[in-house]
Amino acid sequence: MTGEAGLDALEARLQEDLQNLLRPAAPWVPKRVRGEEPVHNVVIIGGGMCGLLVHFALQCGGIDGVRILDKAPEGEEGPWLTYARMETLRSPKQLTGPAYGMGPLTFRAWFTAQFGEAEWEALDKIPRPMWMDYLKWYRKALAIPLENGVKVETIVPDGEDLRLHISGAAEASILARRVVMATGRDGTGYPNIPDFVTGLPRRRWAHSADEIDFQALKGKRVAVIGIGASAVDNAAEALEAGAMEVRHLIRRDEMPTINKMMGIGSYGFTCGFAALPDEWRWRFMRYSFVTQTPAPRGSTMRVSRHPNAYFHFGKGVETIKEAGNEVVIAFADGTHLQTDYVILGTGFTVDPMARRELAPYADEILLWRDRYTPPPGEENKDLSLFPYLAGDFSFMEKTPGRAPRLSKIHSFNYGASASLGKVSGDIPGISDGASWLVRALSEQFYVEDVEAHFQGMLDYDKPELLGDEWTVTPLGAGASKPFATAAS
């Protein structure tokens, strides 16, 4: 049974498993109000893969009073149908991703329910749009009440809680005990725009995260700066749209070919990374940055199969200027290139101080550069700007006492990778990361509400024994001979 019938059967199986596992768990966090305004236990910012998973994990832990918000229209959450332009995911198809220990929630279960086991065996990698279809189903199957078109403008302290000023909802602001920023790759930063494009007219360039009219590049010369996955995917899009030529301009002398992090992936690394001392965490992450994760083979072949695609190594850009009807790029080695349009495949910068939501106190967020000074030769400016997070994914203060509510904002996104590893964005470890986060939140809520929980124990009066289960019997009753007394 496949197709719609197969999917219906899968959803029935999911509901049965949820019931058997007592998921969602019974709510246990006391409700809070301030006047007539509810205080939500958790507000999740972001309704993509991370946000949906965190919502489900909170339900499994019995934490209710949760709202999940996303500024995107329904069905456009995350990068999958916007600036992600790869044909397939890099991750192996069999990874369980956001399933959170539920077999029927895996991509494999969803795929085979519709297309069968033979198609699954024939599938190489997961097509990118199909992954988004899976996430849409995930949301529907779990009835996650995601609120689309709602944007968080700022998060400010309000007493012991946090007040989120929002747009696109009925309220202008809402209160929360905790905030989870499930905001993806650029969740604690912004697209990396090199200084060399500062004077170039905006119509001449785009970042790979921008909305790009690739059809307008038909017959044009295009230069793509960078050789990471996003650079390669955008180059392929330009070629397939009919660009006259696409030239990759690569600062490195050689093509990165080995994904070092994939080579050491294990449950031990997932669990142990956060427990390592700073020098070891820095060493792992810096080496990954320096060696660079290569673009997938399929994505690279998607470019190189075009005869008008070119790869130029050792081409560090110094300046880019408009000259008449073309763009002139000057390189550090003294050479030049004329082109019509530039695409920056330069990734994202992690910089919590640039996030508008955190603007009132962003300069008080502890960063890695504030906590750790690497030895000579191991410096890395990009890595130094990552937030230095606590074990519950929360921000820490640079100056104790200046911004104590930072501990109630949890960075469940790419920004957490330097402190806790790749457990809050990448498919392999995301369920583990969500489990750690919800365990920490549960601990904190219980400790904060301990008086209410103790009073609940005092007030609990439901008897398990009703009094008709036994009969009071005199000590000597039913004995075969009288009991001897002390006097006898």
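**Reading surface, burial and strand pairing**

Student: What area does the protein expose, and what part of it do carbon and sulfur atoms supply?

Tutor: The protein exposes about 24,000 Å², of which carbon and sulfur atoms supply 54%. Please bear in mind that this is a predicted model.

Student: What share of the residues counts as buried?

Tutor: A residue is called buried when its relative accessible area is under 20%. Of the 488 residues of the protein, 49% fall into that class. The C-alpha trace spans about 120 × 60 × 50 Å along its principal axes, and the secondary structure amounts to 15 helices and 18 strands.

Student: Is Ser288 buried or exposed?

Tutor: Ser288 is buried, because its relative accessible area is 9%, which is under the 20% limit. Ser288 belongs to helix 9, residues 278-291. Beyond its neighbours within four places in sequence, Ser288 is in contact with Met261 and Thr293.

Student: How should I read a sheet, and in which order do strands 13, 14 and 15 lie?

Tutor: Strands of a sheet pair through backbone hydrogen bonds, in either a parallel or an antiparallel manner. Here three strands form an open sheet in the order 13-14-15, with antiparallel pairing. Strand 13 (317-323) and strand 15 (336-339) are the edge strands, each pairing on one side only. On average, neighbouring strands of this sheet are turned by 20° against each other, direction ignored.

Student: How many bridges join strand 13 to strand 14?

Tutor: Six bridges join strand 13 to strand 14 (residues 326-331), and the two run antiparallel. As an example of a bridge partner, Thr319 has Ala330 in strand 14.

How values were computed:
Residues numbered from 1 in each chain as written. Predicted model: local features only at pLDDT ≥ 70, side-chain atom pairs only at ≥ 80, totals over all residues. Heavy atoms only, no water. Helix = DSSP H or I, 4+ residues; strand = E, 2+ residues; numbered from the N terminus. Buried < 20%, exposed > 50% of the residue type's maximum accessible area, 1.4 Å probe, protein only. Areas by Shrake-Rupley, 256 points an atom, 1.4 Å probe, with all protein chains shown as cover. Contact = heavy atoms within 4.5 Å. Pairing = 2+ DSSP bridges. Axes fitted to C-alpha atoms, helices over the stretch in contact; angles between N-to-C directions.
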